[in-house]
Amino acid sequence: MAGLESEGKPNLTPILDMVFQLITFFMVVANFKAASIEKDLQLPVVGSARPVDTRGVESLMVLNIDKDGNLRAMGRRQPVREFIEQEANAVRLAGHLEFGQELPTLVVVRADRETRFRDFNRVIRTCQEFGFRQFALKTEPPGKKRASGGS
Amino acid sequence: MRRRRGHRSQEEVELNLAAMLDMAFQLLAFFIATFRPAPLEGQITLRLPPPEARTTQGTQPAGENVNSAEIPKGLKTLVVNVFSDGSGEIKSLSFGEENATQVETLAALDLNLTKIFGDPTYPYEQVILQVSPSIRYERLMEVVDVLTRLKVARVDKETGRTVWSPLSKLSFVEAAGG
């Protein structure tokens, strides 16, 4: 009769071990920068563009331009000039750079394939004005199927 | 009866794992909710300086002689024109300025530019892409793709050998009209 008290208790150790394994997995693959990517943009397909992992690049600024020419960053519509100026000032302050010096930040431009050149060029010129020189124009690799239907 | 010294009652120390498991589940739920795999995307990396003066007159580069009243020499520029009729599609493709050479397709543009940049005696210092404002971004990227795949030939002054490098100076300019 002495052993009856311990019979009903589940052993939580293996469950805890599995949970820690799962936590470790999700911590390793966590990518908070992916939150800055607007998934509803349809990027142009370019044959020679190759997937490049920009995770090693320390300083990135992701700009999404939708087909109406609106700049979207951090999930919200942003005024072009004010947003880019704000980001440039932050980079300059962090890197102790003088105004007029080239900024080391890589500007990642994700524009919809229907975006007009005037809207894209406005963003590029504003970035150039504030010292950005390095740009990465994102495309879809050829052969990638899109899950959502669209025009 | 007194208990013997040294005989200790066996006290079982139980670790309450329920609380720790609860916290672990909280953390797991957080990481699952914020898990967002980055999409696989290609990219074209460019260095885009602002377009510089491209006058063909002048004798010396700007800034060389502050006392000179001469017109400073601009950069040798190849202009590639991409014009639309307002629909967003490419209506005409050409390169050059005064006597622009028209081409029908991107493949023809690629062929011509490969010939130009493959000759070290035509050392263009910058390429300006002059584009109609209504051109669709997808069409623009097709032209940019052609330009970024070009290899520019230069003669190394020290060794005298031909060195190939990708096009490094590309600028965008918005053309007037549609």
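**Close-up views of chains A and B**

**View 1. Helix α3(A) passes helix α4(A) in a right-handed crossing.** This view, like those that follow, is taken from a predicted model. Helix α3 of chain A spans residues 80-95, and its axis comes within 10 Å of that of α4(A), the two crossing at roughly 35 degrees. On the side of α3(A), the contact is made by A:Val80, A:Arg81 and A:Ile84, while α4(A) contributes A:Arg122, A:Val123, A:Thr126 and A:Cys127. Sorted by class, the residues that join α3(A) to α4(A) comprise 4 nonpolar, 1 polar and 2 charged.

**View 2. A:His96 lies in the loop that leads from α3 to β5 (103-111) of chain A.** The backbone of A:His96 has a phi near 50 degrees, which is a positive value in a residue other than glycine. A:His96 counts as exposed because 7 other C-beta atoms lie within 10 Å of its own, whereas the cut-off for the exposed class is 12 or fewer.

**View 3. Confidence in the model varies along chain A, with helix α1 (residues 4-7) having the lowest mean pLDDT among the elements of the chain and helix α4 (residues 117-129) the highest.** The two means are 52 for α1 of chain A and 93 for α4 of chain A. At the start of the chain, residues 1-5 of chain A have a pLDDT below 50, and this stretch makes 0 contacts in the model beyond near neighbours in sequence. A further stretch, residues 146-151 of chain A, also stays under 50 in pLDDT, and for these residues the model has 1 contact beyond four places in sequence. Over the whole of chain A the average pLDDT is 81, and 79% of the residues score at least 70.

**View 4. Chains A and B touch through 45 residues of chain A and 43 residues of chain B.** Four elements of chain A, namely α2 (13-29), β1 (50-51), α4 and β6 (132-139), each supply at least two residues of the side that touches chain B. Of the side of chain A that touches chain B, the largest share comes from α2(A), which provides 9 residues. By class, the residues on this side of chain A divide into 27 nonpolar, 9 polar and 9 charged.

**View 5. Strand β6(A) pairs across the chain boundary with strand β1 (residues 42-47) of chain B.** The pairing of β6(A) with β1 of chain B is antiparallel and runs over 6 bridges. Within this view, A:Leu137 stands opposite B:Ile44 of β1(B).

**View 6. An open sheet of 5 strands in chain B has the order β4-β3-β2-β5-β8, with mixed pairing.** Its edge strands, β4 (101-103) and β8 (170-174) of chain B, each pair on one side only. On average, and with direction ignored, neighbouring strands of this sheet are turned by 25 degrees against each other. Chain B as a whole contains 3 helices and 8 strands, which follow one another from the N terminus in the order α-β-β-β-β-α-β-α-β-β-β. Of the 178 residues of chain B, 20% count as buried, and among contacts between residues at least 6 apart in sequence, 55% join residues at least 24 apart.

**View 7. Strand β5(B) is largely enclosed by the rest of the structure, because 5 of its 6 residues are buried.** One partner of β5(B) is β2(B), which pairs with it in the parallel sense over 6 bridges; here B:Asn81 has B:Gln130 of β5(B) as its bridge partner. Strand β5, residues 126-131 of chain B, also pairs in the parallel sense with β8(B), over 5 bridges. In this second pairing, B:Ile128 stands opposite B:Ser171 of β8(B), and the bridge partner of B:Val131 in β8(B) is B:Glu174.

**View 8. Helix α4(A) packs on the sheet of chain B, where it touches β5 and β8 of chain B.** The direction of α4(A) makes about 125 degrees with that of β8(B). Helix α3 (residues 137-148) of chain B packs on the sheet as well, touching β2 (77-84), β3 (90-95), β5 and β8 of chain B. The direction of this helix of chain B makes about 165 degrees with that of β5(B).

Definitions and conventions:
Residues numbered from 1 in each chain as written. Chains lettered and ligands numbered in written order. Predicted model: local features only at pLDDT ≥ 70, side-chain atom pairs only at ≥ 80, totals over all residues. pLDDT = per-residue confidence, 0-100. Contact = placed C-beta atoms within 7 Å. Nonpolar A, V, L, I, M, F, W, Y, C, P; charged D, E, K, R; others polar. Pairing = 2+ DSSP bridges. Axes fitted to C-alpha atoms, helices over the stretch in contact; angles between N-to-C directions. Left-handed = near helix turned anticlockwise from the far one by under 90°.
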